[in-house]
Amino acid sequence: KAIDCSLDNPRYHYILGFTYSIQSEWGKAIGEFELALDKEPNNSEYLRGLGWALNSAVDNAKGLAYLHRAVDLAPTDVNILTELAAAYLSDL
């Protein structure tokens, strides 16, 4: 409903992407994170969300690329660092 009121608000797309991720609906999550990033391409949290979703959807290399972009923007963000560690561990 919130997106219907403000289609261009990237936060709403991020939240919807996060919700889809919790439900393991990776394709939908990726699409919503991409919409959020179209509006704010240097938002480290949106990059983290997309990286997490891509990694979970078994596109590890692409997911890692987004996570690395996120950590470059926010090098001390614990959530990003945790996702990076999990992505590398899942690749073992």
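Visitor: Which residues is Asn60 in contact with, leaving aside its neighbours within four places in sequence?

Guide: In this predicted model, Asn60 is in contact with Leu54, Asn55, Ala87, Ser90 and Asp91. Asn60 itself lies in helix α5.

Visitor: Why is Asn60 called buried?

Guide: Its relative accessible area is 16%, and buried means under 20%, so Asn60 meets the definition.

Visitor: What does the side chain of Asn60 reach?

Guide: The backbone oxygen of Ala87, at 3.2 Å. The cut-off for a polar contact is 3.5 Å, and that distance lies within it.

Visitor: Let's turn to helix α4. How do you know that its length suits a helix of 13 residues?

Guide: At 1.5 Å a residue, α4 should span 18 Å, and its end C-alpha atoms are 18 Å apart, so the two values agree.

Visitor: What makes α4 largely enclosed by the rest of the structure?

Guide: Twelve of its 13 residues are buried, and therefore the helix counts as largely enclosed. Among them are Tyr46, Arg48, Trp52 and Asn55. The buried residues of α4 pack against α2, α3, α5 and α6.

Visitor: Why is Arg48 called buried?

Guide: Arg48 has a relative accessible area of 5%; the limit is under 20%, so the label applies. Not counting residues up to four places away in sequence, Arg48 touches Tyr14, Phe18, Leu67, Ala70, Asn79, Ile80 and Glu83. Its side chain also makes a polar contact with the side chain of Glu45, at 2.7 Å.

Visitor: Which residue caps the N-terminal end of α4?

Guide: Asn43 does, with a side-chain oxygen 2.9 Å from the backbone nitrogen of Glu45. Just after the helix, Val58 takes a positive phi of about 70°.

Visitor: How many aromatic pairs are there?

Guide: Five, counting rings whose centres lie within 6.5 Å. One of them joins Trp26 and Trp52.

Visitor: Why is the pair of Trp26 and Trp52 called edge-to-face?

Guide: The ring centres are 6.0 Å apart and the planes stand at 75°. Planes over 60 degrees apart count as edge-to-face, so the name fits this pair.

Visitor: What parts does that pair tie together?

Guide: Trp26 lies in helix α3 and Trp52 in helix α4, so the pair ties together parts that are 26 residues apart in sequence. Both Trp26 and Trp52 are buried. Ring pairs also link Tyr14, Phe18, Trp26, Phe33, Tyr46 and Trp52 into a cluster.

Methods: Residues are numbered from 1 along each chain as its sequence is written. This is a predicted model: local features need pLDDT of at least 70, side-chain atom pairs count only at pLDDT 80 or more; totals for chains, interfaces and linings use all residues. Side-chain values use heavy atoms; hydrogens and water are left out. Buried means under 20% relative accessible area, exposed over 50%, partly exposed in between (1.4 Å probe, protein chains only). A polar contact is a pair of N or O atoms within 3.5 Å; within protein, one must be able to donate a hydrogen and the other to accept it, and residues adjacent in sequence count only if both atoms are side-chain atoms. Contact means heavy atoms within 4.5 Å. Helices (H or I, at least four residues) and strands (E, at least two) are DSSP runs, numbered from the N terminus. The expected span of a helix is 1.5 Å times one less than its number of residues. Rings of Phe, Tyr and Trp (its six-membered ring) pair if their centres lie within 6.5 Å; planes under 30 degrees apart count as stacked, over 60 as edge-to-face and the rest as tilted.
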